[in-house]
Protein chains: 4
Amino acid sequence: MIGHAFMGAAHSHAWRTAAHVFDLPLRPVMAVLCGRSVTSATAERLGWKTVASDWQDVVTRDDIDLVDICVPGYLHEPIAVAALGAGKHVLSEKPLANTLAEASRMAAAAGPADATAMVGFNYRRVPAIVRARTLVASGRIGDVREVRASYLQDWLAGPSAPWTWRMSADQAGSGALGDIGSHIIDLAQYLTGSLVSGVSAISETFTKERPGGTVSVDDAVAFTARLSGGALATFEASRVATGRKNGLSIELYGTEGSLAFDLERLNELRVSGQRVLVTEPDDPYLDAWWPPGHVLGWDATFVHQVRDLVTGIADGTDPAPTFADGLAVQRVLDAVARSASNEAVWTATATS
Amino acid sequence: MIGHAFMGAAHSHAWRTAAHVFDLPLRPVMAVLCGRSVTSATAERLGWKTVASDWQDVVTRDDIDLVDICVPGYLHEPIAVAALGAGKHVLSEKPLANTLAEASRMAAAAGPADATAMVGFNYRRVPAIVRARTLVASGRIGDVREVRASYLQDWLAGPSAPWTWRMSADQAGSGALGDIGSHIIDLAQYLTGSLVSGVSAISETFTKERPGGTVSVDDAVAFTARLSGGALATFEASRVATGRKNGLSIELYGTEGSLAFDLERLNELRVSGQRVLVTEPDDPYLDAWWPPGHVLGWDATFVHQVRDLVTGIADGTDPAPTFADGLAVQRVLDAVARSASNEAVWTATATS
Amino acid sequence: MIGHAFMGAAHSHAWRTAAHVFDLPLRPVMAVLCGRSVTSATAERLGWKTVASDWQDVVTRDDIDLVDICVPGYLHEPIAVAALGAGKHVLSEKPLANTLAEASRMAAAAGPADATAMVGFNYRRVPAIVRARTLVASGRIGDVREVRASYLQDWLAGPSAPWTWRMSADQAGSGALGDIGSHIIDLAQYLTGSLVSGVSAISETFTKERPGGTVSVDDAVAFTARLSGGALATFEASRVATGRKNGLSIELYGTEGSLAFDLERLNELRVSGQRVLVTEPDDPYLDAWWPPGHVLGWDATFVHQVRDLVTGIADGTDPAPTFADGLAVQRVLDAVARSASNEAVWTATATS
Amino acid sequence: MIGHAFMGAAHSHAWRTAAHVFDLPLRPVMAVLCGRSVTSATAERLGWKTVASDWQDVVTRDDIDLVDICVPGYLHEPIAVAALGAGKHVLSEKPLANTLAEASRMAAAAGPADATAMVGFNYRRVPAIVRARTLVASGRIGDVREVRASYLQDWLAGPSAPWTWRMSADQAGSGALGDIGSHIIDLAQYLTGSLVSGVSAISETFTKERPGGTVSVDDAVAFTARLSGGALATFEASRVATGRKNGLSIELYGTEGSLAFDLERLNELRVSGQRVLVTEPDDPYLDAWWPPGHVLGWDATFVHQVRDLVTGIADGTDPAPTFADGLAVQRVLDAVARSASNEAVWTATATS
């Protein structure tokens, strides 16, 4: 694993746990934790056997079968391309890359590779989301006509929140758009089985200087969109929505019914207004966990991600979301950014 | 009162009730109900003394002091201008008119008149909304940065819902946009004290032929907007949001806190996440009603509207929302329609 | 109408409104408002033609057909018995009386009378409650096994709330028990179609002296019960539940499903977990009101009560809740009071 | 660890995870999994090094420092007393025992022991519950006057759910009462800092024969109670509350405010009506987990339990809930059972 901050901790938890919860076809060995200044104490705490400081050495080592990329976005492409080139399986954090060009190269590298490549849109592994997708695919809500999606956080609401790499266009690509907007774009495309075909966006950086640096990315972005299946959609991503901590909400209205999901109530799904607790043994992933009503946490999504990735590796398949899925999101991010820089001019999503 | 359908019934209820609940400076007398085919039985049921069939006769009668307009939008302007010209007070249902030109003429007629003119954006009379406005104006949530508003209904979700005048561009001006979108535009402007300065909109008519006629208005519309105070906003109005009956929701995120309101829970307000039941004696209008916790219904908003209108007449003032406020909404409706017809091209709201 | 305080205002609103909303078989005339010190101004405000000061004169007047009793409980019995004796129809506020003996006399007077007698358990007229009853009666939730009911207010939470007649055992009979506990007992019996067969109760008066007098009734009461149909039940009524304004909640768990209702969300019903907005034209009473999603307030329950009472008078029937139904609640109140005075000793409800 | 079913899996997850999330003073080694027919495959899956079949051998082994008891209640006392006698630390699942006599012997054995003994009321480790306790202890809601607690499940609602040891009085002691009622009794005592001083209970076994055996325990129990601090309380525990999967709810009303918690929304607390998401770094346990808004699951409570237990062992203390706390719950269970068998006769909790 390259990287050992917030996402590194979540991924480590998943690598430690998956084989104890699920019946995996392969047994993960947590070989090496890589970071420029990572210590053995950190590695031990997170469950890794050894440490390394240079990702270029690690991705070609013979004893490494899979590279898990948990570093800022500008490093995704070089690491992933090198690892795939060395025949390693790859799991990359989201969004796939900082730019459409980088994402295209990653997808190009993944396509023909024998190795498995996956992008970490972990919310596809929320049991309620999987169940929602199944309901849409089975026609339960008919044709989807409207999608309302928002991802609202507030950690940048105050002016004194310090600058980090996530506020740098060079390192992060964009702000709320790529970091959390990418999740709701992916979910909208996944749940509907459609692609976003065009967008109109506005964005704002409310606080331009922060302790430690200049903010070069958006604080908040809002856009309308059309989906290839004919639906209208609205999206909003914000890091300044006071009082909302991690408020991902997505609603789908179809000709026959509706679905609604809110991440702060991760174990629930609203199906045409009915609150369903998605903790039954026949719900996705649930037979491996606890009896009905014993709720899962956010961290379980990463455990499910490891399960599906390892299963894909054993099968020789690329489990969704593949790098191609990640590229499909990147095309929308790119269109949104271009539209926002032209104050909402309608911008078609690139199709190749 | 001109008109005697849904809105006519709600207004009649209010005219009958207001003087029994509030201490009014003037006592309303429900003189005449006007409609092309209205019966005495209907008038008696709704509480009116007599009937008339021609609005042109009624608006100039000496025994009439106030004209309440509850007819389709295309008739608002001729009736209101005639009534104001005859020195009558006017209450017009919303939106103010079908076109910006009509609305401008109405505001022009109202401005210099001695009479009082008011437009019926009744949700300004929800106690929770008044309280929300007071909180914003007092700085409780700081500067407003994001507004999320939606008004979702589903009575046109199925293809067999019959055609009515509300689906005719000639008679209604627009569809979901003017009928219910106008409410959330007005609320956003009222609550923030800002104007919508520009919009980018998309819209759709999902069902183009209905039993009884061709649909010439939108089923659903979504748009992003900027407000003069600097906030980003998203709006969505729909008559095809399956499962939502009368779902008006508006959220404001400011630098210091947030507010959220949902019409299906008309007596509640969320203030920075706290659910407040707005039924205390010191809440707006509430001292005239019941003890705390005894909830009001949708019809109470019209009773409050009558109270404020009658008080304005006694004072010689135009209580908000005035025809100028109605015009400010109409400018946004016009910009939205133009943007939508150009697939989301950014469209500034007219400023004069 | 005898009495003109809180309940008098709510009843007056209903008498004024019912004939304008519903198609009534008889037209109510609001003849006289009676109270020891009632003024003409109050009568006019509430909609009554004349005033009187002595109920004994009023209940025998030839021009009076119906007596509506909105005074403290200790006066229910003498007024109702006198009015029924004079051949008048009677509507009595709840609970039926202060004591089981008084209630028995009232029911005895009502039974053989030609007149119609009804007790004002108005929550039976909430559309969601009627719908819930219909669902239970049709077997939708199977056999009811558990009932959880509570009615929580907080207007006596602070020690400085002044003494009123509602805190006097002589005038009110009991405290939270009779005033609001009677509502949930009636609803439990109505919704299940069963009677409470026995109870075990504890109660408390947390503040024994208040500005203006000594409190001789309970602040809060809690009891378990068995219903004749085999269900277990818990009840709690309180005037000191800080933060709860008018929080009536009742849940039923049956062999096939569940129902839940909360008065603060008067237009909603939870049916086996599904939130249903009870505002459709085929919901009880709703065809006379507004389109779907336009919510009713607490005051509508009294309008419905007038409708059903007037219809009963025209039909020559006693619409439920009859005085016999009121007596069935009084038997439970009596059992609860006896159990509480013996610290929860199991107390069978009287059966005659 | 003795036992390897549902609770065994949850405890194993916690033993595997705690040292990777928290900075523990001692490092747990998962030495041996004990069960009459446990396999090496199960042990490996759950993370244990070896297996054993006889608990009597295991509890005295030199290489064992701590015994974690996850077996039916009738075995708690012999295992715990033997383990404590051999100088081992003990973690026992809840309730502490099947009978008051057994629980007394366990507490007697734990008191003078050098070893640490803890009972697994894991909901004390929900961050929102810890925060609630802190708020009560600091006087935030004043004196607690009313407690409403319920724990509702529905896995026995249907008659075809098969018999298990949990339906046997011999093996489980009681039914819903001990299994889940014990949790809400413990929470009520923990949150208020009071003891239940007396109870009045009714209970029912709705389905007396099930596939595989005769049910000798309660399906549902309801009781009123008084707390030593002066509060009234109601409790209800049920396995037949159709539609409720794991619905633990507890509300406290004090002189200055209120608290409410619902286990299905484990990361939330209602503080005087305000919904608080308990996921901030200064919330209990949270600094070791994820950023705000990333919710924890039910399993995290066991991880926290291991952290506190291991810390207690290092400190030489008995972290709450101690066996004495478990005994305090058992006294209430015993009083409830006696009251229920006498149809709600008021029963004082034993005080020694």
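This report describes a predicted model, taking the fold of one chain, then two chain pairs, then some backbone details.

## Chain A as a single unit

Chain A contains ten helices and 16 strands. Computed along the principal axes in the computational sense, its C-alpha atoms fill a box of roughly 50 × 50 × 40 Å. The radius of gyration of chain A is 20 Å, and this agrees with a compact globule of 352 residues, for which a value near 20 Å would be expected.

## The pair of chains A and B

Chain A superposes on chain B by a rotation of 180°, with 0.0 Å of shift along the axis and an RMSD of 0.0 Å. The residue of chain A that comes closest to this rotation axis is A:V345, whose C-alpha is 2.7 Å from it. Both copies use the same surface, since 100% of the contact residues of chain A recur in chain B.

In this interface, 39 residues of chain A are in contact with 39 residues of chain B. Between them the two chains bury about 3,300 Å², and 50% of that area is on carbon and sulfur atoms.

## Polar and charged contacts between A and B

Six salt bridges are found across the interface of chain A and chain B. One residue of chain A, A:R226, appears in two of the pairs described here. A:R226 meets B:E204 in a salt bridge with an N to O distance of 2.7 Å. A:R226 also meets B:E343, with an N to O distance of 2.5 Å. In that second pair, A:R226 belongs to strand β10 of chain A, while B:E343 sits in the loop between α10 (323-341) and β16 (347-348) of chain B.

Polar contacts between chain A and chain B number 17 residue pairs, with both residues at pLDDT 80 or more. On the side of chain A that touches chain B, at least two residues each come from β6 (144-152), β7 (196-204), β10 (220-227), β11 (232-238) and β12 (247-254) of chain A. The largest share, six residues, is that of β10(A). By class, this side of chain A has 16 nonpolar, 13 polar and ten charged residues.

## The pair of chains C and D

Chain C is superposed on chain D by a rotation of 180° with 0.0 Å of shift along its axis, at an RMSD of 0.0 Å. The two copies are thus related as by a two-fold rotation axis. In chain C, the C-alpha nearest the axis belongs to C:V345 and is 2.7 Å from it. The same surface serves both copies here too, as 100% of the contact residues of chain C recur in chain D.

Contact involves 39 residues of chain C and 39 residues of chain D. The area that chain C and chain D bury between them is about 3,300 Å², with 50% on carbon and sulfur atoms.

## Polar and charged contacts between C and D

The interface of chain C and chain D holds six salt bridges. One salt bridge pairs D:R226 with C:E343, and the closest N and O atoms are 2.5 Å apart. There are also 17 residue pairs in polar contact across this interface, both residues being at pLDDT 80 or more.

Two or more residues of the side of chain C that touches chain D are given by each of β6 (144-152), β7 (196-204), β10 (220-227), β11 (232-238) and β12 (247-254) of chain C. Here β10(C) gives the largest share, six residues. The residues on this side of chain C comprise 16 nonpolar, 13 polar and ten charged.

## Salt bridges over the whole model

Over all chains, the count comes to 75 salt bridges.

## Backbone details

Two cis peptide bonds in chain B can be located. One joins B:K94 and B:P95, with omega about -10°. B:P95 is in the loop between β4 (89-92) and α5 (100-110) of chain B. Another joins B:A320 and B:P321, with omega about -5°. B:P321 lies in the loop between α9 (300-315) and α10 of chain B.

In chain A, A:E343 is not a glycine, yet its phi is positive, at about 45°. A:E343 is placed in the loop between α10 (323-341) and β16 (347-348) of chain A.

Key
Residues numbered from 1 in each chain as written. Chains lettered and ligands numbered in written order. Predicted model: local features only at pLDDT ≥ 70, side-chain atom pairs only at ≥ 80, totals over all residues. Heavy atoms only, no water. Contact = heavy atoms within 4.5 Å. Buried area = accessible area lost by both parts, 1.4 Å probe. Salt bridge = Lys/Arg side-chain N within 4 Å of Asp/Glu carboxyl O. Polar contact = N/O pair within 3.5 Å; in protein donor to acceptor, adjacent residues only side chain to side chain. Helix = DSSP H or I, 4+ residues; strand = E, 2+ residues; numbered from the N terminus. Nonpolar A, V, L, I, M, F, W, Y, C, P; charged D, E, K, R; others polar. Least-squares fit on C-alpha atoms with pLDDT ≥ 70 in both. Rg over C-alpha atoms; globule rule 2.2 N^0.38 Å.
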